[in-house]
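Let's take a walk through this model together, starting with the overall build of one chain and then moving in to single helices and a pair of domains. Keep the structure open beside you as you read.

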Amino acid sequence: MSISLPTYKRLELPLLGRRERVRAIIATGLKKEFRRPAAIVVTAIGAAFTTITSIVLLFFAPLFIPGQASDLSFFAVPASNGFVLFFVSLMAAVIGAGLIADDMQSMAFTLYLSRPITQTDYLLAKAAILAPLVSMVTIVPLLLTALVAALLRLVSWTIAVEAMGISLVIGGLLTLFYTAITLFLSSLTRRKGIAAAGVFAVNFGLTLPATVLANQIQNPSILYASPWNDYLAVASAGFGAAGAGIDWPAALAILLGATVLAALLTYVRMKAVEVITG
Amino acid sequence: MNGVVEAAAVSKWYGEVLGLNAFTASFGKGITGLVGPNGAGKTTLFKLLIGQLHLDQGKITLLGEDPWNNVSLKRRLGYCPEQNQLYGWLTGQQFVETLLRLDGMPPAKARQEATAALKVVGLSSAAHRPTRGYSRGMRQRAKLAQALAHHPEILILDEPLSGADPAGRVHILRTISDFARDGGHVVMSTHVLYEIERVTNNIVLIHNGKAIAAGDIHAIRALIDEHPHAVRIETSKPRQLAQALARMDHVVSFEFPSADMLLVRTRKPDAFYRELPQIVADTKLEVQGLESPDDSLDAVFRYLVG
């Protein structure tokens with residue numbers, strides 16, 4: 001058998017910076033996600049359903065809530081749309097849970113880290129993949145709702161623009177929270193099913209018992225344990241609506257604290273992770 | 001300490017399991033073979049060298065630098081893992097390109113270098129097929145392509161020949177030799193001593209996490225020649241292949257562990273590996289994979305460690 005092969009010379013190549021390397025991870029990650037029908041379906045249905053229900057809620061708010069003024073507080077109604085909670089959990093579970101766990105399981109992580117990227121680069125890229133997708137449910141529907149409300153002359157353009165600004169901040173807070181928590185859970189295991197179960201546990205496992213218990217014993221402070229109720233408190237305060245039973249500064253501190261803590265723990269976990277198999 | 005790899009009393013535990021046990025060795029320039037049975041600690045050593053494991057004791061350097069969390073050092077090395085990984089939906093071209101982009105290579109340059117690297121390993125014709133459809137040998141070559149595509153100073157290859165078909169082995173060994181001839185360093189692991197013999201005389205034997213012998217291959221080979229060497233061949237027609245191989249006078253026995261598997265024992269492994277591609281080509285029988293179980297090497301290790 002005779003085979004002639006070309007040879008190569010080692011070269012000093014002009015290499016692009018860190019931003020480009022992170023962008024390469026993001027591009028690959030997004031391609032991976034959008035090859036999965038589940039990810040596309042959940043994102044599309046989540047964004048569409050949340051947007052439509054938010055607009056419907058807004059449209060019928062005067063009927064559901066007698067005396068509801070057509071001011072900024074109007075937008076607390078779509079912001080507290082329960083479908084946001086449902087779809088954000090679903091998206092975090094379907095898309096986010098596997099972002100790190102899958103790479104650990106398939107040992108793609110080994111190849112990633114054999115390149116000149118840091119764990120921080122890797123995590124930033126993973127967050128940059130998940131956060132925009134989550135925002136399709138947490139931010140985009142609120143922005144569209146405000147736009148539709150202005151177009152239908154339910155509110156003035158001034159109020160609509162103000163609502164969009166607040167929606168960006170409040171929706172952004174929820175996006176950051178779910179991104180950080182989901183990536184943290186995903187970094188803990190090689191099985192994305194476990195991480196996905198963790199996302200549901202954080203949402204419904206805390207929200208439902210906390211709500212039931214708070215009603216049963218008439219102690220609203222238990223609602224602080226539920227991230228969704230914390231979000232509702234902050235959203236209500238942001239739009240100047242009636243309180244959700246708990247103080248918004250404390251709720252905001254809990255949400256921000258949990259987000260920062262989850263991000264830090266994920267960083268520490270990934271920094272220390274040793275790629276044993278492969 | 002001025003070797004390409006310097007390891008001084010390196011120990012690594014996985015809980016209560018000892019991965020490396022005071023491993024001490026110095027790997028010089030050119031190609032060094034790390035030979036040992038499965039579970040000997042080869043992959044652990046490689047993971048330490050590429051900075052993906054942190055040692056518990058001792059000191060290890062690669063190209064004079066501590067590899068742990070050393071991002072700049074990663075630009076200088078090319079790593080080929082043993083396991084098949086990354087995303088199977090990527091084509092060979094995309095697979096190599098993606099990893100080059102992670103190196104910070106501009107897109108056009110990454111495309112060009114990926115194409116060149118795939119050509120070097122003989123995968124040009126399959127470059128635009130998804131890697132999930134590749135045979136094991138093709139995957140090994142794709143992984144080798146990504147390891148050398150960014151022009152590293154050193155290649156760290158974990159069992160690069162595992163599962164490769166005869167033609168693939170020729171390509172891989174040629175590529176490794178060419179890389180070293182052009183001034184690169186290579187550290188490659190195998191549990192088949194005869195394969196590494198074709199590209200280097202420098203070997204380090206590793207067993208139970210310890211370096212038990214290092215240096216010239218010939219003395220160690222003489223020890224191994226006393227033990228029949230087992231080769232497991234994956235083929236759809238094992239009996240026909242056995243019939244063709246029976247003309248080799250050094251073949252001791254045949255076994256058929258499964259319907260698509262042939263286990264051959266030979267007293268002259270070097271001759272066997274040399275003659276096999278020709279026989280396969282002559283008989284037009286398909287060989288999907290080639291592996292050597294550890295047993296013959298184990299016998300030598302038992303001898304060396306007393």
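Helices (H or I, at least four residues) and strands (E, at least two) are DSSP runs, numbered from the N terminus. With that in hand, chain A reads from its N terminus as α-α-α-α-α-α-α-α-α-α-α, which comes to 11 helices and 0 strands.

A word on what you are looking at: this is a predicted model, in which local features need pLDDT of at least 70 and side-chain atom pairs count only at pLDDT 80 or more, while totals for chains, interfaces and linings use all residues. Residues are numbered from 1 along each chain as its sequence is written, and chains are lettered from A and ligands numbered from 1 in the order in which they are written. The predictor's confidence in each residue is pLDDT, on a scale from 0 to 100; its mean for chain A is 86, with 91% of the residues at 70 or more. Take more care with residues 1–8 of chain A, where pLDDT stays under 50.

The C-alpha trace of chain A spans about 85 × 45 × 30 Å along its principal axes. A residue counts as buried if 20 or more other C-beta atoms lie within 10 Å of its own, as exposed if 12 or fewer do, and as partly exposed in between, with C-beta atoms placed from the backbone. By that rule, 47% of the 278 residues of chain A are buried. Two residues are in contact if their C-beta atoms, placed from the backbone, lie within 7 Å. Of the contacts in chain A with a separation of 6 or more, 75% join residues 24 or more positions apart.

Now find helix α1 (residues 18–33) of chain A. The expected span of a helix is 1.5 Å times one less than its number of residues; for the 16 residues of α1(A) this gives 22 Å, and the end C-alpha atoms are 23 Å apart, which agrees. Its buried residues are A:Arg21, A:Val22, A:Ala24, A:Ile25, A:Thr28, A:Lys32 and A:Glu33. Seen down the axis, they fall within an arc of 165 degrees, so they line one face of the helix; the arc is that of the directions from the helix axis to the C-beta atoms. These residues pack against α2 (37–64), α4 and α6 (119–138) of chain A, and also against α3 (92–102) of chain B.

Helix α4 (residues 82–106) of chain A holds A:Ala101. Why does A:Ala101 count as buried? Because 24 other C-beta atoms lie within 10 Å of A:Ala101. Beyond its neighbours within four places in sequence, A:Ala101 has contacts that include A:Ser186, A:Thr189 and A:Ala195.

At the other end of the numbering, helix α11 (residues 248–272) of chain A has buried residues including A:Ala251, A:Ile254 and A:Met270. The buried residues of α11(A) pack against α6, α8 (157–187) and α10 (227–238) of chain A.

Finally, turn to chain B. Its domain assignment, which is automatic or taken from a database, gives domain 1 (5–221) and domain 2 (228–304). The contact between them takes 22 residues from domain 1 of chain B and 17 residues from domain 2 of chain B. Helix α9 (residues 238–245) of chain B has B:Pro238, B:Leu241 and B:Leu245 as its buried residues. Viewed down the axis of α9(B), these lie within an arc of 65 degrees, so they line one face of the helix.
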